[in-house]
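Trainee: I am new to this structure and would be grateful for a close look at one part of it. Please place that part within the whole before you describe it.

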Amino acid sequence: MMRERDTVFQAPRRSLLSIIVPVFNEQEVLREFHSRLSAALVSAQVDEIEILFVNDGSTDETLGILREMARTDQRIQVIDLSRNFGKEAAMTAGLEFASGDAAVIIDADLQDPPELIPQMVEEWRNGFDMVYMRRLSRQSETWLKKTSASAFYWLMGLIGRVQVPENVGDFRLLSRRAIDALNRMLERTRFMKGLFAWIGFPAKEIAYHREPRQAGKTKWNYWQLWNFALEGFTSFTITPLKLASYVGVLTSLASLLYGLFVFLKTLLTGDPVPGYPSLIVVIAFLGGLQLLALGIIGEYLGRMFIEAKQRPLYLVNRHYKTIKRHTLSLV
Ligand code: UDP
Ligand code: MG
């Protein structure tokens with residue numbers, strides 16, 4: 001006998017894949033990106049596709065080109081932000097606007113090959129909520145960038161609570177529940193790599209060769225990378241704060257011992273006058289330590305200040321979208 005709940009089945013749903021592309025001054029590569037993406041999407045196992053270009057305040061012809069592309073390809077939507085908010089905010093906007101059952105985040109500069117998307121979709125179909133792409137090669141990058149990146153991941157693994165996978169960028173696929181989880185995180189300082197790792201869920205890694213930029217140039221300089229790393233540390237761990245107190249305890253102990261030593265030395269040799277060099281060294285050292293500890297507190301305090309204001313992460317100027325007319329078929 002068939003019980004009632006056995007007869008319940010899910011109506012077959014058409015699967016929708018969202019492609020999220022943050023763009024900032026990418027006029028040179030957009031058309032090539034679009035044609036390679038379209039060609040790659042042909043073999044992706046989904047019924048419908050939406051391509052969300054998030055224009056992050058570009059100052060070149062990017063918006064014009066995107067709107068033109070949207071006229072010929074109805075899958076394209078353009079979310080035009082009111083100014084440049086940065087890639088993290090642009091991705092957040094894309095994730096909030098995405099209505100797909102899964103979403104792929106991909107750079108517009110063709111460093112992330114769109115040809116891998118079908119493979120990512122396949123892994124999603126296998127039941128993974130997050131398919132992240134690990135770069136095998138970073139040949140196009142400078143020695144300094146590579147070493148600083150690995151130092152960052154090493155430190156993050158050492159003191160952070162979530163394991164941020166190394167050599168993994170933002171190029172990835174997220175399932176609907178992963179997108180919803182990310183959209184629930186309301187923090188203003190968005191260190192996406194960390195947030196992606198924070199949500200957990202079954203994840204699958206795919207390795208690939210990262211190509212050099214097709215055209216245009218990277219938007220990152222070392223100062224921005226440094227701040228990005230600071231953001232990563234401060235938004236995922238409070239270990240530096242604890243470190244300050246431990247260093248404080250250690251220096252107090254050391255100065256106690258040193259004080260004892262000076263006291264005994266004075267008693268034994270009876271010479272109270274010399275000691276200027278050691279005095280100045282100790283004062284400078286302690287002054288430096290105090291400023292360092294204050295600086296660490298300041299980094300956290302500043303971020304709390306930004307969080308407390310609760311400003312929106314981005315503002316949308318316009319949302320360009322072709323409205324499809326659905327014909328209602330009555331059976
Ligand atoms: N991007 C963005 N806003 C920014 C900077 C970059 O939307 O403020 C986009 C950019 O158009 C590209 C992606 O983010 O699609 C990656 O940028 P980039 O290639 O400069 O970074 P890299 O590959 O050097 O890490
Ligand atoms: Mg790039």
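Mentor: Two residues are in contact when their C-beta atoms, placed from the backbone, lie within 7 Å. Among contacts in the chain between residues at least 6 apart in sequence, 87% link residues at least 24 apart. The model is predicted: local features need pLDDT of at least 70, side-chain atom pairs count only at pLDDT 80 or more, and totals for chains, interfaces and linings use all residues. Residues are numbered from 1 along each chain as its sequence is written, while chains are lettered from A and ligands numbered from 1 in the order in which they are written.

The average pLDDT (the predictor's confidence in each residue, from 0 to 100) of the chain is 84, and 91% of the residues score at least 70. For the complex, the predictor gives an ipTM of 0.93 and a pTM of 0.76.

The overall form comes next. The radius of gyration, taken over C-alpha atoms, is 27 Å for the chain, whereas a compact globule of 331 residues would have one near 20 Å (the globule rule is 2.2 Å times the number of residues to the power 0.38). Along its principal axes, the C-alpha trace spans about 105 × 65 × 40 Å. Of the 331 residues, 26% count as buried; a residue is buried if 20 or more other C-beta atoms lie within 10 Å of its own, exposed if 12 or fewer, and partly exposed in between. The chain holds 11 helices and eight strands, which are DSSP runs numbered from the N terminus (H or I of at least four residues for a helix, E of at least two for a strand).

The part to examine closely is helix 10, residues 239-269. How far apart are the end C-alpha atoms of helix 10? They are 44 Å apart, which agrees with the 45 Å that its 31 residues should span at 1.5 Å a residue (the expected span is 1.5 Å times one less than the number of residues). Helix 10 lies largely in the open, because the number of buried residues among its 31 is zero.

Consider the two ends of this helix. Ile238 is in the loop between helix 9 (222-236) and helix 10. Ile238 counts as partly exposed because it has 13 C-beta neighbours inside 10 Å. From Arg210, Ile238 is separated by 28 residues in sequence and by 33 Å in space, C-alpha to C-alpha. Just after helix 10 comes Gly270, with a positive phi of about 60 degrees.

A record also speaks of this part. An unreviewed UniProt entry annotates residues 243-264 and 276-301 as "transmembrane region"; its positions follow the numbering used here, feature names are shortened, and annotations may be inferred rather than shown by experiment. Residues 243-264 are 100% helix and 0% strand in the model, and their end C-alpha atoms are 32 Å apart. Residues 276-301 are likewise 100% helix and 0% strand, with end C-alpha atoms 37 Å apart. Helix 11 covers residues 276-309, and Gln310 is found in the loop between it and strand 8 (316-321). Phi of Gln310 is near 55 degrees, a positive value in a residue other than glycine. Gln310 is exposed, because 8 other C-beta atoms lie within 10 Å.

Helix 4 (residues 87-97) offers a contrast in burial: nine of its 11 residues are buried, so helix 4 is largely enclosed by the rest of the structure. Those buried residues include Met91, Ala93 and Leu95.

The strands complete the setting; two of them pair if DSSP finds at least two bridges between them. Strand 5 (residues 130-137) runs antiparallel to strand 6 (residues 168-175), with four bridges, and Arg134 stands opposite Val168 there. Strand 5 is also joined by seven bridges to strand 7 (residues 203-209), in parallel, where Ser137 has His209 as its bridge partner. Strand 6 is further joined by four bridges to strand 4 (residues 102-105), again antiparallel, and Ala102 stands opposite Ser175.
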